[in-house]
Amino acid sequence: MPYNSYPFELPPLPYKYDALEPYIDSETMYYHHDKHYKTYIDNLNAALEPFPNLQELTLEQLLTWTRFLPQDTYTKIMQNGGGVYNHSLFFNGLAPAAEEQPMPSGALLRDMEETFGSFSKFKKAFYAEALKVFGSGWTYLVYNRQGKLKIVNLKNQETPLLLKARPVLAVDLWEHAYYLKYKNARSEYLHALWNVLTYPEK
Ligand code: MN3
């Protein structure tokens, strides 16, 4: 994923706001991308503004190399930079629904079968983990440090970089990702997501 550096800019949504209908509605996509995602970008830029020496760093470097900073600056960078990182993966991981649900292929599919038994068992395991997220957070499928597929839940805007893991799938479980259409029914949002979630090459 191409990360730029300060000042970060809101990338355009790679499809139309209504492209994920009826699974994710255009109003949700508009507020999620143009308002929520943009706020993380604006707040990250504001946090970096007083620190010229941090402005050269990529987002990934900021999220892994900035522990020497004063606590409040560190927190702002991790929360807002994490929001930028997670949302970039989320929006880029979705695509307009086709007639058939997207399927993983190649090495990723083989790894899913080895780790979870089958693609369908992977989906069940991912769904079960996503329902466990309490409050705001994310469910990710990652390759962990040992190169094994793992489903992980992250709080707020934590990122898989903290686990030194390589992201494969990112699912936003903050209520702003689904509340306008699904209200409290996170499970319905999760079922709908399989129609628009895409699988990268390993
Ligand atoms: Mn979000």
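Okay, let's start with a lysine: Lys164 sits in the loop between S2 and S3. Keep in mind that we're looking at a predicted model. What is odd about the phi of Lys164? Well, that phi is positive, about 55°, although Lys164 is not a glycine. As a bit of background, most residues other than glycine have a negative phi. And is Lys164 buried or exposed? Lys164 has a relative accessible area of 59%, and the cut-off for exposed is over 50%, so Lys164 counts as exposed.

Now stay in that loop. Asn156 is also found there, in the loop between strand S2, residues 149–155, and S3. Asn156 isn't a glycine either, and its phi is positive, about 50°. Its relative accessible area is 43%. That value falls between the 20% and 50% cut-offs, so Asn156 goes down as partly exposed.

While we're on backbone oddities, let's go to the segment before H1. Pro7 is in that segment, and the peptide bond joining Tyr6 and Pro7 is cis, with omega about -10°. Pro22 is found in the segment before H1 as well. Here the cis peptide bond joins Glu21 and Pro22, and omega is about 0°. Why point these out? Because most peptide bonds are trans.

Right, on to the metal. Which residues hold the manganese ion as protein donors? They are His32, His87 and His176, each through NE2, plus Asp172 through OD. The donors lie 1.9 to 2.2 Å from the manganese ion. If you want to find them along the chain, the spacing reads H-x54-H-x84-D-x3-H. Take His87 and His176 out of that set: the pair links distant parts of the chain, 89 residues apart. His87 is in helix H3, residues 71–92, while His176 is in the loop between strand S3, 166–172, and helix H6, 179–182.

How accessible are those two histidines? His87 has 0% relative accessibility, so it counts as buried. His176 is at 16%, and since buried means under 20%, His176 counts as buried too.

Last topic: the domains. The domain assignment splits the protein chain into domain 1, residues 26–92, and domain 2, residues 106–193. Their C-alpha centres lie 21 Å apart. How many residues are in contact between them? On the domain 1 side there are 19, and they touch 19 residues of domain 2. Together the two domains bury about 1,500 Å² between them, with 65% of that on carbon and sulfur atoms. In domain 1, the residues losing the most area to domain 2 are Thr28, Asn86 and Phe90, and together they make up 36% of what that side buries.

What about polar links? Between domain 1 and domain 2 the salt bridge count is zero. Polar contacts do turn up, though: eight residue pairs, both partners at pLDDT 80 or more. And which elements of domain 1 do the touching? Helix H1, 26–48, helix H2, 59–65, and H3 each supply at least two residues of the side that touches domain 2. H3 gives the most to that side, with nine residues.

One thing to take away: H3 turns up twice in this talk. His87, a donor of the manganese ion, is in H3, and H3 also gives the most residues to the side of domain 1 that touches domain 2. That's my bit, thanks!

Technical notes. Residues are numbered from 1 along each chain as its sequence is written. This is a predicted model: local features need pLDDT of at least 70, side-chain atom pairs count only at pLDDT 80 or more; totals for chains, interfaces and linings use all residues. Side-chain values use heavy atoms; hydrogens and water are left out. Donors are N, O and S atoms within 2.8 Å of the metal (3.2 Å for Na, K and Ca); water is not among the atoms, so sites may look incomplete. Helices (H or I, at least four residues) and strands (E, at least two) are DSSP runs, numbered from the N terminus. Buried means under 20% relative accessible area, exposed over 50%, partly exposed in between (1.4 Å probe, protein chains only). Domain bounds come from an automatic or database domain assignment. Contact means heavy atoms within 4.5 Å. Buried area is the accessible area (1.4 Å probe) that two parts lose on being put together, summed over both. A salt bridge is a side-chain nitrogen of Lys or Arg within 4 Å of a carboxyl oxygen of Asp or Glu. A polar contact is a pair of N or O atoms within 3.5 Å; within protein, one must be able to donate a hydrogen and the other to accept it, and residues adjacent in sequence count only if both atoms are side-chain atoms.
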